[in-house]
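Hello,

Here is the structure we talked about. Please load it first, then read the notes below.

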Amino acid sequence: VFLFPSDVAVAEYDNATLYCVATGNPMPSIVWSRDGNREVIIKSPNSSDIERVEKYNGTYLHLYRADRRQMGYYTCTADNGVPPAVTKRVSFVVHFEKYNGTYLHLYRADRRQMGYYTCTADNGVPPAVTKRVSFVVHFEKYNGTYLHLYRADRRQMGYYTCTADNGVPPAVTKRVSFVVHFEPKVIVPVQMIGTPLGGDVTFDCYTEGYPDTINYWCRNENPQDVIVVTSHLTAIQKDIRILSTTGV
């Protein structure tokens, strides 16, 4: 079975064609289906007529004026009555600018959908309100010579292993360290602390940053009045409990 191409992406309302051809004796028949038992949506090329079928027979699957409802995985099955039947799967993606609705459903999400999504609420009374959410897809392995990390953030830091295998043992591996530099951030969970005269007090401070930060406390916002200087951190984020004094 030959499938052309293996992955298809088009802008919404553009036309797309999935092509599957097979050889055999007798000549196999071609049947298209969608993952999850979803219906195949067939649109007429010259009218607004729409047909929904469980399976579609034919070498070519034409998706006229494709829309987001047709996104997903399509499976081509070639069968000539001589077991086993052979299948190939193709990913079909529709790119669209905006989506209206309270819920944005990403069915069978894959790594190409990772990124930042912005929700905008607008009732005609300025200003419109926006919120942004980061969407990440976790996957175990990635196949390819190049591993592109777009808009890399601190969650992607760590060691990555490249494995080359052509079926002749042993497989060869190399490891690379990936580091993301980001500005320091300080979080003080309790903004006001009190204690009786002569009591003990502990100030809590949470910091994160890379390269590792040097942390210190000042009194009365005076940089020259340093109380305690911490040692250089060895972790990206660490709970620091550094000050215990009497008679504050």
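**Charges over rings**

Arg89 lies over the face of Tyr73, at 4.0 Å from the ring centre. Keep in mind that this is a predicted model. A second case involves Arg154 and Phe182: the charged end of Arg154 sits over the ring, 3.9 Å from its centre.

**Aromatic pairs**

How many aromatic pairs does a search of the whole structure find? The search finds four. Take Tyr19 and Tyr60, whose ring centres are 4.7 Å apart. Their planes meet at 20 degrees, so the pair is stacked. The cut-off for stacking is under 30 degrees. Tyr19 belongs to strand β3 and Tyr60 to strand β8 (residues 60-63), so the pair ties together parts that are 41 residues apart in sequence. Neither ring belongs to a buried residue: Tyr19 is partly exposed at 25% relative accessible area, and Tyr60 is partly exposed at 43%.

Tyr74 and Phe92 form another of the pairs, and this one is edge-to-face. The centres are 6.1 Å apart, with 80 degrees between the planes. Tyr74 is in strand β9 (residues 72-79) and Phe92 in strand β10 (residues 86-95). They are 18 residues apart, and the pair links distant parts of the chain. Are these two residues buried or exposed? Tyr74 has 0% relative accessibility, so it counts as buried. Phe92 is buried too, with a relative accessible area of 1%.

**The disulfide**

The structure holds one disulfide. Which cysteines does it join? It joins Cys20 to Cys76, with an S to S distance of 1.8 Å. The torsion about the S-S bond is about -60 degrees, so the disulfide is left-handed. Cys20 sits in strand β3 and Cys76 in strand β9, 56 residues apart, so this pair also links distant parts of the chain. Cys20 and Cys76 are both buried.

Two other cysteines deserve a line. Cys119 is exposed at 51% relative accessibility. Cys162 is exposed as well, with a relative accessible area of 51%.

**Val40 and its hairpin**

Val40 lies in strand β5. At 0% relative accessibility, Val40 is buried. Which residues does Val40 touch, leaving aside its neighbours within four places in sequence? Its contacts include Trp32, Ser33 and Arg34. Glu51, Arg52, Val53 and Glu54 are also among them. So are Tyr56, Leu61 and Tyr74. For Tyr56, the C-alpha to C-alpha distance from Val40 is 7.2 Å, and the two are 16 residues apart in sequence.

In a regular strand the side chains alternate between the two faces of the sheet. Within β5, Val40 and Ile42 point one way, while Ile41 and Lys43 point the other way. All of these are buried.

β5 pairs with strand β6 (residues 50-53) in the antiparallel sense, over four bridges. Ile42 has Glu51 as its bridge partner in β6. The two strands, β5 and β6, form a hairpin with six residues between them.

**Backbone points to check**

Two peptide bonds are cis. Where are they? One runs from Asn25 to Pro26, with omega near 0 degrees. Pro26 is in the loop between β3 (16-21) and β4 (29-34). The other joins Pro126 and Pro127, with omega about -5 degrees. Pro127 is in the loop between β11 (115-121) and β12 (129-135).

Two residues have a positive phi although they are not glycines. For Tyr13, phi is about 75 degrees. Tyr13 is found in the loop between β2 (7-11) and β3. Its relative accessibility is 54%, so Tyr13 counts as exposed. For Asn37, phi is about 55 degrees. Asn37 is in the loop between β4 and β5 (40-43). Asn37 is exposed, with a relative accessible area of 79%.

Best regards

Terms used. Residues are numbered from 1 along each chain as its sequence is written. This is a predicted model: local features need pLDDT of at least 70, side-chain atom pairs count only at pLDDT 80 or more; totals for chains, interfaces and linings use all residues. Side-chain values use heavy atoms; hydrogens and water are left out. Buried means under 20% relative accessible area, exposed over 50%, partly exposed in between (1.4 Å probe, protein chains only). Rings of Phe, Tyr and Trp (its six-membered ring) pair if their centres lie within 6.5 Å; planes under 30 degrees apart count as stacked, over 60 as edge-to-face and the rest as tilted. A charge sits over a ring if NZ of Lys or CZ of Arg is within 6 Å of the ring centre and within 35 degrees of the ring normal. Contact means heavy atoms within 4.5 Å. Two strands pair if DSSP finds at least two bridges between them. A disulfide is a pair of cysteine sulfur atoms within 2.5 Å.
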